[in-house]
Amino acid sequence: MQLIMIPAMLLYNLLSLFAIGGHASPWAMSYSVFNSGNGCKDQGTISNEIGTIASKGFQGVRIYSATDCSGIQNVGSAARASGLWMVVTIYISNTGIGAAQAQVDAMLGWAQWDLVKYIVFGNEAVHNGWVSASDLAGFISSSRSKLQAANYWGPIGTAETVDVIQNNAGVLCDVIDVVSANIQPFYSTDTSASGAGDFVSQQLNLLRSACPGKDAYSTETGWPTAGSANGAAVPGSGEQQQAISSIRGVAEGNTVFFSFEDELWKDPGNLGVEQHWGCIGQF
């Protein structure tokens with residue numbers, strides 16, 4: 001009988017395809033490479049902060065661009081030193097898919113696939129009207145071919161809102177390996193902090209129904225500590241603690257918690273909450 005030898009890296013990525021989450025510790029924390037002044041964090045700061053994330057029991061970290069502030073290199077080296085993996089976002093802005101191609105090229109040149117648990121194409125790009133669902137699907141498919149040619153065989157998906165996945169399931173489900181979306185219970189006017197976990201669980205079930213047979217993940221979930229109320233959703237430190245505890249009780253093994261720290265470089269938004277999602281202190 002002839003034995004088929006599978007390269008170690010290929011075997012690693014094939015295994016990761018079928019088991020990217022579901023463990024009994026927090027799955028991942030979202031992390032920004034920008035400091036409060038919208039400049040790039042230095043390597044020492046990144047290493048210390050990634051170390052803090054690891055010390056809280058997280059398995060991985062999500063970054064929002066492969067190229068901003070040399071994210072895959074700087075966060076990647078810190079993640080390796082701390083024993084974490086990464087969810088890497090190929091960010092699609094209002095400039096469209098063409099500009100995002102440079103991030104794919106950067107990933108191909110970097111190619112440290114043992115650090116990559118999941119590659120996410122876009123962050124609410126369809127929801128924001130920056131790309132169509134069909135164009136996003138085409139970009140995912142063409143990029144998959146390039147990534148596999150460079151020996152990345154791990155899972156690929158997108159980070160949209162749940163309704164975008166539902167409304168475009170016929171286009172998106174066939175080109176993704178797992179189904180994921182940003183799920184923010186605060187933006188549901190009927191959801192209080194204590195109900196955050198139930199809301200996330202319900203939304204994950206909607207994702208599973210949209211793409212049957214695929215595992216479902218939240219690529220962003222949290223609760224703000226300051227700003228104005230959104231109906232029953234009230235921001236605050238105590239409310240955040242309650243919400244995070246509720247979410248951890250039902251979905252911590254397949255959730256990217258948002259976010260590591262307050263991100264003061266962002267626009268406050270109409271409710272004044274966008275800068276105030278830092279939650280590492282809740283773990």
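The following dialogue discusses the sheet and the largest pocket of a predicted model.

In this predicted model, local features need pLDDT of at least 70 and side-chain atom pairs count only at pLDDT 80 or more, while totals for chains, interfaces and linings use all residues. Residues are numbered from 1 along each chain as its sequence is written, and side-chain values use heavy atoms, with hydrogens and water left out.

Colleague: Which strands are the edge strands of the open sheet?

Modeller: Strands are DSSP runs of E with at least two residues, and helices are runs of H or I with at least four, numbered from the N terminus. Two strands pair if DSSP finds at least two bridges between them. The eight strands pair in parallel in the order β5-β4-β3-β2-β1-β8-β7-β6. Pairing on one side only marks the edge strands, β5 (156-159) and β6 (179-182).

Colleague: In β3, which residue is the bridge partner of Gly60?

Modeller: Strand β2 (residues 60-63) runs parallel to strand β3 (residues 85-90), and four bridges join them. In β3, the partner of Gly60 is Trp85.

Colleague: How many charged residues are in the lining of the largest pocket?

Modeller: Asp, Glu, Lys and Arg count as charged; Ala, Val, Leu, Ile, Met, Phe, Trp, Tyr, Cys and Pro as nonpolar; and the others, Gly among them, as polar. By these classes, the lining has 14 nonpolar and eleven polar residues, and the charged residues number eight.
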